[in-house]
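Good morning, everyone, and thank you for making the time. I would like to walk you through one part of a model, and then say a few words about its cysteines.

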Amino acid sequence: MGAIARARPNIALIKYWGKRDRDRNLPAVGSISITLEDLYTEMAVEFDADLAEDSLVVNDEDSPGLLPRISRSLDAVAGNSRPRARVRSECNFPIAAGLASSASAFAALVVAASAAAGRDRSVAELASLAGFASGSAARSLYGGFVELRNGDDDIAVESLADAADWPLRVIAAVTASAPKPVSSGEAMEISRRASPFYRRWLDEQPADLELARSAIAARDFSKLADVAEHNCLKMHSVMWASRPPVVYWNAATLSCLQTVRDLQSRGHGVFFTIDAGPQVKAVCLQGAAAEVADALAQTPGVESVLASGIGAGAALVDKP
Ligand code: DP6
């Protein structure tokens, strides 16, 4: 009883930051993201009644530290009395460094585990299961431009536009590849408890979502750029103002923002966004991609740049 699935990370343009129900991992706000094309996680899940325990191998290395979250997600997908599972994960980009590796990992996991357990579930059900494991993972079930709406009792995820409708490019500048010191879940909780700006963040999110939705519908790049940069800086301001403060940025993060400002002042269609890590993701029009990648690669402190288009949602992979 095994299956393999592939899912891609997504980059939030309007961010999920804060939980309204920590037990069910329900977000406090809606969010809008783009699913990437060229970065991916492939998960193989095999249930085996002869196994005594679950096991996890990530990029050919045993990873017992990550296992509790994986096992909890497998329980949610296949029930508490399920057989134990062998899980193998292959990821073609740095893990836990703010490139949304947990989103692609859990999206791929629920798709593979559901199939391996013989369950026939809708994409909406799979998104809900992925969101239970990691809020942002729910969005990676879908491709293109994706909105996660915060419903009364659950989340609802939908695709707002396909990649082909608006083929933007994303250039990620990696400024540090070590795992982050504070997980996004912990940092959200610090923001909720101890940031004077948290309430305001929640209150303003519907307006930012509406602006982004209409910018995507109209393919209005500068309108999307404006609200996405604002939403990103606002989320980080919530964290910076909390006690203790949470600052994910390093010096190179700020240098990358300067690079993006320089490119914008020379007329290039590009904007930045930053998640729970020091990497800067530059979203740009296709014609600007080569120049943006060059400029970011030459920015002091940038270790590498990864380029991607916008891609498809999570799916099973046929393998012999
Ligand atoms: C900054 O989805 O990693 O990337 O639900 O605790 O697993 P958990 O959080 P996670 O948080 C993502 C936060 C973000 C913004 C976003 O992706 O919307």
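Let me begin with the open sheet of four strands, whose order is 13-14-12-15 and whose pairing is antiparallel. Please keep in mind, as we go, that this is a predicted model. At the edges of the sheet you will find strand 13, residues 270-273, and strand 15, residues 304-308, each of which pairs on one side only. From one strand to the next, the twist averages 20 degrees.

Turning to the inner pairing, strand 12, residues 169-174, and strand 14, residues 280-284, run antiparallel and are joined by five bridges. If you would like one position to look at, take Arg-169, whose bridge partner in strand 14 is Cys-284.

Two helices pack on this sheet, and I will take them in turn. Helix 6, which covers residues 221-240, touches strand 13 and strand 14, and its direction makes about 20 degrees with that of strand 13. Helix 8, residues 289-297, touches strand 12, strand 13, strand 14 and strand 15, while its direction makes about 5 degrees with that of strand 12.

Now to the cysteines: how many disulfides does the structure hold? The structure holds zero. Cys-232, for instance, is in no disulfide, and the nearest cysteine sulfur, which belongs to Cys-256, is 12 Å away, whereas a disulfide would need the two sulfur atoms within 2.5 Å. Cys-232 is also buried, with a relative accessible area of 0%, and Cys-91 is buried as well, with a relative accessible area of 14%.

Key. Residues are numbered from 1 along each chain as its sequence is written. This is a predicted model: local features need pLDDT of at least 70, side-chain atom pairs count only at pLDDT 80 or more; totals for chains, interfaces and linings use all residues. Side-chain values use heavy atoms; hydrogens and water are left out. Buried means under 20% relative accessible area, exposed over 50%, partly exposed in between (1.4 Å probe, protein chains only). Two strands pair if DSSP finds at least two bridges between them. Axes are lines fitted to C-alpha atoms, for helices over the stretch in contact, and angles run from 0 to 180 degrees between N-to-C directions. Contact means heavy atoms within 4.5 Å.
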